[in-house]
Amino acid sequence: MGPSERKSSEVRGRSKEKDRLTIMIFKRVGKVRTVKLSSRILLGAFVFFLFYIVATIFLTNAYFSASRKTTMQASKMAKLTGELAETREALERSKQHIVLLEEYLRDEKEQTPEPMSTADYTESSFPKVVEINDLKVKRDRSVLQVNFKIVNAQPQEEPVGGYIFILASVKGSERSEVWVYPSTLLRNGKPIDYKQGHRFFIQRFKTVDGTYTLNKAIDEPLILEILVYDRKGGLILKKVVEV
């Protein structure tokens, strides 16, 4: 090989060696290990790790952003669910109020007061403790519907309590049967045990509404007595009407 060829070969060898990175590792004294890496491999590794780091940061941010959005949406969904439940409850209460109002209006329309005759009178204690207002009676053969308000008539509206009885008998019959509600024994036309009556305790007034069934169908006029006793057994009001 001539000098010119030898020189050309050396130049080519040096150019290839310049493209490589030499790493020397000293394990022990006197022992050296040499590793040669191509600059292209290092560049590729650097680009890969750079891309990996950027991608990791991007994906991590995307994950936490999605997690925050999911948490906010879950909180908003829970809030909307609670508001929906409250709205449904309010709607249900409104429906119940409407039904009760419709029933009340229907009862008011059906239970028109019967005309009162000369048998209508009221006896009350002095001073007056309670009153019977808005008395309405509806008859249907053996069924008697009675509705009225017992009103506190005391000036200071102190609470008052007691017991109520409703007595019904056929008008003009000396031996007529007397129906008592609530059921109890009578003596001289009065309940023996006043505590068996319908109990009440009022500050202002209370509505008493009852449906009573007689033991037989009656077409004749009836005398209705409402007796009100105080908690000690004293008769504080007696109201008599013909129905």
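In which strand is the place of K238? The legends below address this and other details of a predicted model.

**View 1. Surroundings of K238 in strand β13.** K238 belongs to β13, the strand that comprises residues 235-242. The residue is buried, because its relative accessible area of 14% falls under the 20% limit. Leaving aside residues up to four places away in sequence, K238 touches Y121, T122 and E123. Its contacts under the same exclusion also include K190, E225, I226 and L227.

**View 2. The open sheet β4-β5-β11.** Three strands make up this open sheet, and their pairing is antiparallel. The order of the strands is β4-β5-β11. Strands β4 (130-140) and β11 (205-213) stand at the edges; each has a single partner strand, so one side of each lacks a neighbour in the sheet. From one strand to the next, the twist averages 15°. Strands of a sheet pair through backbone hydrogen bonds, in either a parallel or an antiparallel manner.

**View 3. Pairing of β5 with β11.** Strand β5 covers residues 143-152 and runs antiparallel to β11. Nine bridges join the two strands. Q145 has T211, in β11, as its bridge partner.

**View 4. Backbone of D134 in edge strand β4.** D134 is placed within strand β4. Its phi is near 55°, a positive value in a residue other than glycine. D134 is partly exposed, with a relative accessible area of 47%, because this value lies between the 20% limit for buried residues and the 50% limit for exposed ones.

**View 5. The cis peptide bond from Y181 to P182.** The peptide bond that leads from Y181 to P182 is cis, and its omega is near -10°. P182 lies in the loop between β7 and β8. Of these two strands, β7 spans residues 178-181 and β8 spans residues 186-187.

**View 6. N188 in the loop between β8 and β9.** N188 is located in the loop that lies between β8 and β9, the latter formed by residues 190-191. Although N188 is not a glycine, it has a positive phi of about 60°. N188 is exposed, because its relative accessible area of 75% is over the 50% limit.

Key: Residues are numbered from 1 along each chain as its sequence is written. This is a predicted model: local features need pLDDT of at least 70, side-chain atom pairs count only at pLDDT 80 or more; totals for chains, interfaces and linings use all residues. Side-chain values use heavy atoms; hydrogens and water are left out. Two strands pair if DSSP finds at least two bridges between them. Helices (H or I, at least four residues) and strands (E, at least two) are DSSP runs, numbered from the N terminus. Axes are lines fitted to C-alpha atoms, for helices over the stretch in contact, and angles run from 0 to 180 degrees between N-to-C directions. Buried means under 20% relative accessible area, exposed over 50%, partly exposed in between (1.4 Å probe, protein chains only). Contact means heavy atoms within 4.5 Å.
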